[in-house]
Amino acid sequence: MEKITIRPLKPKDSRAAALLLKKILPELAFYTKKSISDDLSSYTPKYISGYLKNRYTIFAGAWAGKRLVGALFGWGSRGGLGYMDWLVVEPDCRRKRVAEELVRHFEHAARKMGMYKVWWDTGFKNKKMNAFNRKMGYKKVATLRDWDHHNDMHFWAKELA
Ligand SMILES: CC(C)(COP(=O)(O)OP(=O)(O)OC[C@H]1O[C@@H](n2cnc3c(N)ncnc32)[C@H](O)[C@@H]1OP(=O)(O)O)[C@@H](O)C(=O)NCCC(=O)NCCS
């Protein structure tokens, strides 16, 4: 596989990032259709470049040459908690630690921003993410059923060293 490089997304990457999400999110059949369509409507190229103006935004891309093959969208907050929203990797680049590198990039950027903890929620039935979170040192802090958009979610958190 071509060498993968991780770097923060720039406004000019917004279209590629929106396309990647549009391609991958419908694969998550355990989320309600409405939650996927609502999320895709908040990740249009215009919104993505708008979010990049927020000083708390941490959006990272994984690049194989000029091709965006993975992305992570998250934020810091005034309260010191970093939040990861979506993490996606192209099917042909999976199981090669691209997601791991994106999360490490996020954690590093969040720590530099002054965050002391990172959290996110992932689908109850997303077995890959249950394994991923445990491997990355995240602890399950809650499970909420019928949560937003009626999805069942696990909530995970990790203290940043
Ligand atoms: C989940 C996803 C981001 C993982 O990306 P990836 O680059 O393949 O993940 P990595 O190679 O970094 O995997 C790291 C660890 O995650 C776990 N994992 C990843 N894919 C897995 C799978 N198919 N089955 C079981 N565990 C898996 C494993 O613990 C793996 O470590 P290992 O390879 O040493 O066993 C990718 O499959 C994806 O985009 N899925 C669709 C979108 C999604 O579910 N996003 C998460 C919700 S925000």
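Me: What is the strand order of the open sheet, and how are its strands paired?
Reply: In general, sheet strands pair through backbone hydrogen bonds, in parallel or antiparallel fashion. Here the open sheet has seven strands in the order β1-β2-β3-β4-β5-β7-β6, and its pairing is mixed. Strands (E, at least two residues) and helices (H or I, at least four) are DSSP runs, numbered from the N terminus. Two strands pair if DSSP finds at least two bridges between them. The edges are β1 and β6, each pairing on one side only. Neighbouring strands of this sheet are turned by 25° against each other on average, direction ignored.

Me: What kind of model is this, and how are residues numbered?
Reply: This is a predicted model: local features need pLDDT of at least 70, side-chain atom pairs count only at pLDDT 80 or more, and totals for chains, interfaces and linings use all residues. Residues are numbered from 1 along each chain as its sequence is written.

Me: In which sense do β1 and β2 pair, and over how many bridges?
Reply: Strand β1 (residues 4–8) pairs with β2 (residues 57–64) in the antiparallel sense, over five bridges. Ile6 has Ala62 of β2 as its bridge partner. Arg7 stands opposite Gly61 in β2.

Me: How many bridges join β2 and β3?
Reply: Eight, again antiparallel, with β3 spanning residues 67–75. Thr57 stands opposite Trp75 in β3. The β2 and β3 hairpin has two residues between the strands, and Gly65 takes a positive phi near 65° there.

Me: Which strands does helix α1 touch?
Reply: Helix α1 (residues 14–24) packs on the sheet and touches β2, β3 and β4. Contact means C-beta atoms, placed from the backbone, within 7 Å. The direction of α1 makes about 90° with that of β3. Axes are lines fitted to C-alpha atoms, for helices over the stretch in contact, and angles run from 0 to 180 degrees between N-to-C directions. Helix α4 lies across β1, β2, β3, β4 and β5 (117–123), running at about 145° to β2.

Me: Which residues of α1 are buried, and where do they lie around the axis?
Reply: An α-helix has 3.6 residues a turn, so residues three or four places apart point the same way. In α1, Ser14, Ala17, Leu20 and Leu21 are buried. They cover an arc of only 125° around the axis, so they sit on the same side of α1. The arc is that of the directions from the helix axis to the C-beta atoms. Buried means 20 or more other C-beta atoms within 10 Å of a residue's own; exposed means 12 or fewer; partly exposed is in between, with C-beta atoms placed from the backbone. The buried residues of α1 pack against α2 (33–41), α3 (45–51), β2, β3 and β4. Leu19 and Lys23 are exposed, on the face of α1 turned away from its buried side.

Me: Which residues have a positive phi although they are not glycine?
Reply: Arg95 has one of about 60°. Arg95 lies in the loop between β4 and α4. Arg95 counts as exposed because it has 8 C-beta neighbours inside 10 Å. His150 has a positive phi of about 65°. His150 lies in the loop between β6 (139–144) and β7 (153–159). With 11 C-beta neighbours inside 10 Å, His150 also counts as exposed.

Me: Which residues come nearest to the ligand?
Reply: Arg94, Ala99, Glu100, Ala131 and Phe132, of the 21 residues around the ligand. Near means that the C-beta atom, placed from the backbone, lies within 6 Å. The elements giving two or more residues to this shell are β4 (81–89), α4 (98–112) and α5 (127–135). Helix α5 gives the most, five residues.

Notes. Contact = placed C-beta atoms within 7 Å.
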